[in-house]
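Hi there,

Here is the structure I promised to pass on. Have a look at it first, and then read my notes below.

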Amino acid sequence: MYSADAFDLLSTTVLLLNSAGEVVEANAAAEVMFGRSRRNLLGQPAAFLFDRDKALAHSIQQACRGEVADCRQFARVRRGVETVEVAVTSVALSQPLWSALIEIKDLEQRVLVDRSSRLVDEIDTQHELLRNLAHEVKNPLGGLRGAAQLLESELPDPALREYTSVIISEADRLQALVDRLAAPQRMPVQWQAVNIHEICERVCALVRAEFREVALLRDYDASMPEFRADPARVMQALLNIVRNAAQVMTGFHPTQSPHITIKTRIARQVLLRHKQHRLAAVVTVIDNGPGVPEILKERIFHPLVTGRDGGTGLGLSLAQDFIQQHGGVIEFESQPGHTEFRLQLPMEPF
Ligand SMILES: Nc1ncnc2c1ncn2[C@@H]1O[C@H](COP(=O)(O)OP(=O)(O)OP(=O)(O)O)[C@@H](O)[C@H]1O
Ligand SMILES: [Mg+2]
C-alpha cells in the first residue's frame with residue numbers, strides 16, 4: 001500500500017490508472033498540473049488529459065495492458081488557455097487495483113527552478129563579497145567625514161567650505177549605501193504571526209502618498225490565514241517592488257492609465273529553495289508599465305544593477321535577500337505593458 005500523505009508531498013504529478021486507462025488515484029500535484037480537482041480527475045481516461053497525442057495514448061494503453069515496462073515521452077497539457085510542455089513516463093504495474101502509473105514533470109517549471117536556484121547561489125556569493133567590502137569601507141569613511149568636518153571649522157575663507165561640504169555630503173551618501181548593503185544581516189529575523197493583507201495595505205498607503213497618479217488595485221484572497229514571518233522584512237521587500245513599479249510608470253504614457261495590482265493567493269505543494277512546502281503565500285505585483293529593459297533581465301536581482309537615474313540598484317537585491325531569509329523566493333516575468341513580480345513565501349504554521 002502507499003501512504004496518501006507521502007504521495008501528496010511529491011512535486012511531480014502522479015496518476016494511477018486501472019486496466020481501462022482511467023484515473024483511479026491522483027496526487028495533489030495533479031490538481032495543480034491539470035487545473036482540476038481530484039474528484040474531477042477520477043474516472044477520466046488519462047489520454048484525454050493531454051493535448052491530442054496518438055503516440056502517448058498508445059503508450060498509456062500498452063502500459064495498462066502490461067505490454068511495455070516503462071516508456072518516456074514529451075507531451076502537452078492544456079490548462080485553461082495555456083499549454084504546458086511536460087515529460088511523461090508511463091509505467092506498467094500489473095497490480096490488482098492499478099494497471100499503470102503515469103508520472104508527469106513540468107519542463108518549464110524545472111527550468112524555472114534550476115534558474116532560480118542558480119540565481120540564489122550566485123547572489124549569495126556576491127552579497128558575501130559586497131558585505132565584506134562594505135565593512136572595509138565603513139571605518140575609513142567615518143575618518144574621512146570627521147576630518148572634513150574639522151577642516152571646515154578651521155578654514156579661513158568661508159568660500160572654501162563649498163568643497164568640504166561636498167566631501168561631507170558624498171561621505172554621507174556612501175555611508176547610506178554601505179548601511180543598505182549590510183542591512184539584511186544587521187537585525188535578527190523577528191518571527192511572528194503575520195497578516196499579509198495588513199502588510200499589503202500599509203505598502204499601498206505609502207506608495208499612494210508618494211505616487212498620486214498611479215492607481216493601486218487589490219485582488220486579495222480573503223481565505224489567506226496568518227503565517228509565520230518577519231513583518232518588517234516582508235513589508236520592505238514588497239514596498240521595494242511596488243515602488244519600482246510606480247517609479248517606472250511615472251512619466252511613462254501607456255495607452256491605459258498607469259495601474260498596479262497587488263494580488264494574493266495560496267499555492268499548494270511548491271518547491272522553494274530546494275524544499276517542498278505544503279502551502280505558500282504568493283503575492284504578485286502586476287504593472288502595466290514599459291517592462292524591465294531586456295539588458296537588465298538576467299541581472300535584475302544583483303546588487304548595484306539599476307536602470308534608473310539616481311537608483312542605487314539595491315531595492316530588488318535587498319527584497320530578494322529578505323524573502324530568502326524566509327526560505328522563499330522572488331521571480332518575475334516582464335514584457336512591455338505587463339510586468340509581474342511574484343513574491344513566494346512558505347506558509348509555516350506557528
Ligand atoms: N516593475 C518594473 N518595470 C520595469 N523595470 C523595473 C521594474 N522593477 C524594477 N525595474 C528595473 O530594475 C532596476 C533595478 O531595481 P532596484 O529596485 O533593484 O534598483 P533601483 O530601483 O534602480 O534603485 P533602489 O531601489 O536601490 O533605489 C530598476 O532600476 C528598473 O530599471
Ligand atoms: Mg528600486
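A residue is called buried if 20 or more other C-beta atoms lie within 10 Å of its own, exposed if 12 or fewer do, and partly exposed in between. Please keep in mind that this is a predicted model. By that count, Leu304 is partly exposed, because 14 other C-beta atoms lie within 10 Å. Leu304 sits in the loop that runs between β10 (275-287) and α9. Its backbone also caught my eye: phi of Leu304 is near 70 degrees, a positive value in a residue other than glycine.

The two elements on either side of that loop are worth a visit too. On the far side, helix α9 (residues 315-324) has nine of its 10 residues buried, so this helix is largely enclosed by the rest of the structure. The buried ones are Gly315, Leu316, Ser317, Leu318, Ala319, Gln320, Asp321, Phe322 and Ile323.

On the other side, take Val283, which belongs to strand β10. Val283 counts as buried because it has 28 C-beta neighbours inside 10 Å. Leaving aside neighbours within four places in sequence, Val283 is in contact with Ile196, Cys200, Leu238, Ile262, Thr264 and Leu343. For one of these, Thr264, the C-alpha atoms of the pair are separated by 4.5 Å, although the two residues are 19 apart along the chain.

Now to a helix pair. The axes of α7 (residues 196-210) and α8 (residues 231-249) come within 9 Å and cross at roughly 40 degrees. The two helices are therefore oblique to each other, and their crossing is right-handed. On the α7 side the contact is made by Ile199, Cys200, Arg202, Val203, Leu206 and Val207. The α8 side brings Pro231, Val234, Met235, Leu238, Leu239, Val242, Arg243 and Ala246. By class, this contact has 12 nonpolar residues, two charged ones and no polar ones. Cys200 and Leu238 will be familiar, as they are among the contacts of Val283.

Finally, the chain as a whole. There are nine helices and 12 strands. The radius of gyration is 26 Å, whereas a compact globule of 350 residues would have one near 20 Å. Along the principal axes, the C-alpha atoms fill a box of roughly 100 × 45 × 40 Å. Of the 350 residues, 27% count as buried. Among contacts between residues at least 6 apart in sequence, 61% join residues at least 24 apart.

Enjoy exploring it!

Best wishes

Conventions: Residues are numbered from 1 along each chain as its sequence is written. Chains are lettered from A and ligands numbered from 1 in the order in which they are written. This is a predicted model: local features need pLDDT of at least 70, side-chain atom pairs count only at pLDDT 80 or more; totals for chains, interfaces and linings use all residues. Axes are lines fitted to C-alpha atoms, for helices over the stretch in contact, and angles run from 0 to 180 degrees between N-to-C directions. Helices (H or I, at least four residues) and strands (E, at least two) are DSSP runs, numbered from the N terminus. Angles under 35 degrees count as roughly parallel, over 145 as roughly antiparallel, 65 to 115 as roughly perpendicular and the rest as oblique. A crossing is left-handed if the near helix is turned anticlockwise from the far one by less than a right angle, and right-handed if clockwise. Two residues are in contact if their C-beta atoms, placed from the backbone, lie within 7 Å. Ala, Val, Leu, Ile, Met, Phe, Trp, Tyr, Cys and Pro count as nonpolar, Asp, Glu, Lys and Arg as charged, and the others, Gly among them, as polar. The radius of gyration is taken over C-alpha atoms; the globule rule is 2.2 Å times the number of residues to the power 0.38.
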